[in-house]
Amino acid sequence: MPKRRSPAEEEEALRISNAIDEDLRREREIMRRRRNKDVKVMLLGQAESGKSTLQKQFQLYYSSKTLDEERPSWRPIVYFNVLKAIRMILDELDWQYGLGASGGDPLSVSMLVSATPLAPSTSNTSGSGSGASGVSGSGVSTRSQPDPAWLPELAALRNKLLPLVASEDALAAELSGGVTVSGGRTGVYVRSGWQALISSGKGAWPLGESYRTAMTARQSAVTNIVAKTLGASQDEIEQLWWHPGVQSLVKGNKLRLEEYAAFFLANIRRIAQPDFLPSNEDILHVRLQTIGVTEHQFDINLGGTHYNWLLYDVGGARGQRHAWVPYFDDATAIIFLAPISAFDQYLEEDPRTNRIDDSLQLFTAICSNKLLANAALVLMLNKTDLLRQKLEAGIKVRKYISSYGDRPNDYEEVSEYFRAHFIQVHRRKDISHRPLFLHFTSMLDIKATQSIIINVGEAIMRSHLTKIGLA
């Protein structure tokens with residue numbers, strides 16, 4: 001039979017139990033207050049919609065010191081973007097003008113162009129189902145008829161630049177630690193895990209930690225070789241980019257480069273300098289493919305109270321969207337980016353799906369997702385600068401989107417057409433009937449974007465304070 005405790009022992013046991021309960025209550029209160037200061041924002045949208053560029057704009061506005069600290073790390077990534085752009089140009093020149101068929105021999109190129117039968121182009125660029133030709137959905141391209149005087153010049157430039165382009169895969173492997181994606185393609189990828197460097201006080205880092213360690217040890221042999229080769233090849237790169245044979249393909253919509261390419265190639269003299277350090281504009285133009293979900297933290301002061309913003313940048317390719325769902329729980333806000341300049345492009349994963357259609361389908365799924373019903377909703381119709389450029393170049397919306405009909409092919413009409421479609425999705429499919437904060441954006445315009453970031457931040461914070469009962 002167990003011994004009965006004395007009144008003093010009973011009192012002590014009760015005191016201990018009450019103390020434990022009080023500690024648990026205090027801990028729950030601390031956790032509640034901490035959660036109330038966490039603002040969880042998800043950047044959603046298809047691949048190449050501008051999510052990572054928006055993240056960099058947030059960093060530039062709220063945490064510019066960390067951007068300064070990591071600035072040297074963007075130097076080899078700028079180099080990689082330049083190499084990729086040159087390779088894409090040479091690939092298309094090989095197809096359009098037959099430069100590669102003779103090993104680049106300037107004396108035989110002209111005969112090969114006229115003798116080689118026409119066939120579908122294989123140089124379909126990322127995100128464009130029309131291929132380099134711009135023929136919607138056909139997958140078939142007709143070759144351009146070049147000025148015969150161009151061919152020896154382009155062949156000579158090609159031969160001089162091939163050694164530089166040959167280092168693209170080696171640089172990509174070094175930057176990404178050998179990571180590849182489906183099909184064994186090499187590239188430079190932002191992966192989950194590097195954001196842990198933020199909490200260690202070392203600032204964000206766009207690459208894997210293995211590369212960061214290697215950089216401190218030996219300043220990257222491949223990067224240094226590429227830098228020297230760029231410096232030695234800057235004349236040829238500039239000549240290639242401004243050559244009428246290349247510019248005619250660009251203007252004819254037969255050479256589709258990634259969006260950063262024109263900026264970097266036009267600035268090759270500055271980039272090729274031995275002391276080159278990427279500017280804010282360079283960093284915003286850089287293209288890195290996000291794999292999985294990456295977290296970025298910003299400390300934001302609002303009325304003397306510090307809030308911890310957790311910004312989640314996600315991979316937007318179809319095969320990666322399943323990774324978003326675990327992060328939906330307790331999301332404070334969703335910022336959805338839709339690139340309305342992509343009306344003439346198709347998904348790389350599905351060349352039959354127009355990118356505007358894919359954005360509308362994805363936005364529909366976000367509006368109707370029950371896990372996101374309480375999150376504030378921000379829609380950014382992005383890349384308006386590129387939309388203007390395409391329309392001014394005479395690219396017709398109705399060629400790619402038949403429902404556009406005979407409406408005027410100008411920016412005001414086109415942008416309003418896309419805005420109306422997204423608003424219609426929100427009205428019909430949003431399960432919580434929440435307000436929609438909509439902005440037209442160009443992520444490369446620092447002043448305009450940061451003004452929008454302020455407005456968006458205020459809207460998100462009002463929603464957050466209302467949600468936790470402080471507004």
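In this predicted model, R71 and D68 are joined by a salt bridge whose closest N and O atoms are 2.6 Å apart. The two partners sit in contrasting surroundings: R71 is buried, with a relative accessible area of 12%, whereas D68 is partly exposed at 46% relative accessibility. The count of salt bridges comes to 15.

Two further salt bridges are worth a visit. In helix 4, R87 pairs with D91, with 3.8 Å between the closest N and O atoms. These two residues are four apart in the helix, about one turn. Both ends of this bridge can be reached from outside to some degree, since R87 is partly exposed with a relative accessible area of 26% and D91 is partly exposed at 35%. Salt bridges that share partners also bring in E168, so that R87, D91 and E168 belong to one network. The side chains of E238 and R269 meet in another salt bridge, at 2.9 Å from N to O. Because E238 belongs to helix 10 and R269 to helix 13, this pair ties together parts that are 31 residues apart in sequence. Here, too, both partners are partly exposed: E238 has a relative accessible area of 25%, and R269 has 35% relative accessibility.

Stepping back to the whole chain, the secondary structure consists of 18 helices and eight strands. Of the 471 residues in the protein chain, 50% are buried. Among contacts between residues at least 6 apart in sequence, 75% join residues at least 24 apart. The accessible surface of the chain amounts to about 22200 Å², and carbon and sulfur atoms account for 53% of this area.

The interior can be followed through its nonpolar cores. The largest of them has 49 residues, and the members with the most contacts inside it are I86, I89, L93 and L240. Seven helices are listed as giving two or more residues to this core: helix 4 (75–97), helix 6 (150–165), helix 7 (168–176), helix 10 (221–242), helix 11 (244–251), helix 12 (261–266) and helix 13 (268–271). Helix 4 provides the largest share, 13 residues. A look at I86 shows how these parts come together: neighbours within four places in sequence aside, I86 is in contact with L161, L164, V165, I237, L240 and L265. A second, separate core has 39 residues, among them L310, L360, V414 and Y417.

Aromatic rings add links of their own, with 14 aromatic pairs in the structure. One of these is the tilted pair of F58 and W309, with ring centres 5.9 Å apart and an angle of 35° between the planes. Since F58 lies in helix 2 and W309 in strand 5, the pair ties together parts that are 251 residues apart in sequence. Both F58 and W309 are buried. The pair of Y79 and F276 is tilted because the ring planes stand at 35°, with the centres 6.2 Å apart. Y79 lies in helix 4, and F276 lies in the loop between helix 13 and helix 14 (280–285), so this pair ties together parts that are 197 residues apart in sequence. Y79 is buried, with a relative accessible area of 1%, and F276 is buried as well, at 5%. Returning to F58 and W309, ring pairs link these two residues with Y61 and Y62 into a cluster.

At the surface, I16, I20 and L24 form a nonpolar patch, with about 250 Å² of accessible area together. L24 is found in helix 1, which spans residues 7–36. This leucine is partly exposed, with a relative accessible area of 41%.

Finally, the backbone offers two details to check by eye. Most residues other than glycine have a negative phi. E48, which is not a glycine, nevertheless has a positive phi of about 65°. E48 lies in the loop between strand 1 (38–44) and helix 2 (51–62). D330 likewise has a positive phi, near 65°, and is a residue other than glycine. The loop that holds D330 runs between strand 5 (305–314) and strand 6 (333–339). The two residues contrast in their accessibility: E48 is buried, with a relative accessible area of 17%, whereas D330 is exposed, with a relative accessible area of 56%.

How values were computed: Residues are numbered from 1 along each chain as its sequence is written. This is a predicted model: local features need pLDDT of at least 70, side-chain atom pairs count only at pLDDT 80 or more; totals for chains, interfaces and linings use all residues. Side-chain values use heavy atoms; hydrogens and water are left out. Buried means under 20% relative accessible area, exposed over 50%, partly exposed in between (1.4 Å probe, protein chains only). Patches are made of residues with over 30% relative accessible area and no salt bridge: like charges are joined within 9 Å, nonpolar side chains (Val, Leu, Ile, Met, Phe, Trp, Tyr) within 5 Å. Accessible areas come from the Shrake-Rupley method with a 1.4 Å probe; for residues, only the protein chains shown count as cover. A salt bridge is a side-chain nitrogen of Lys or Arg within 4 Å of a carboxyl oxygen of Asp or Glu. A nonpolar core is a set of buried Ala, Val, Leu, Ile, Met, Phe, Trp, Tyr and Cys residues joined through side-chain atoms within 4.5 Å. Contact means heavy atoms within 4.5 Å. Rings of Phe, Tyr and Trp (its six-membered ring) pair if their centres lie within 6.5 Å; planes under 30 degrees apart count as stacked, over 60 as edge-to-face and the rest as tilted.
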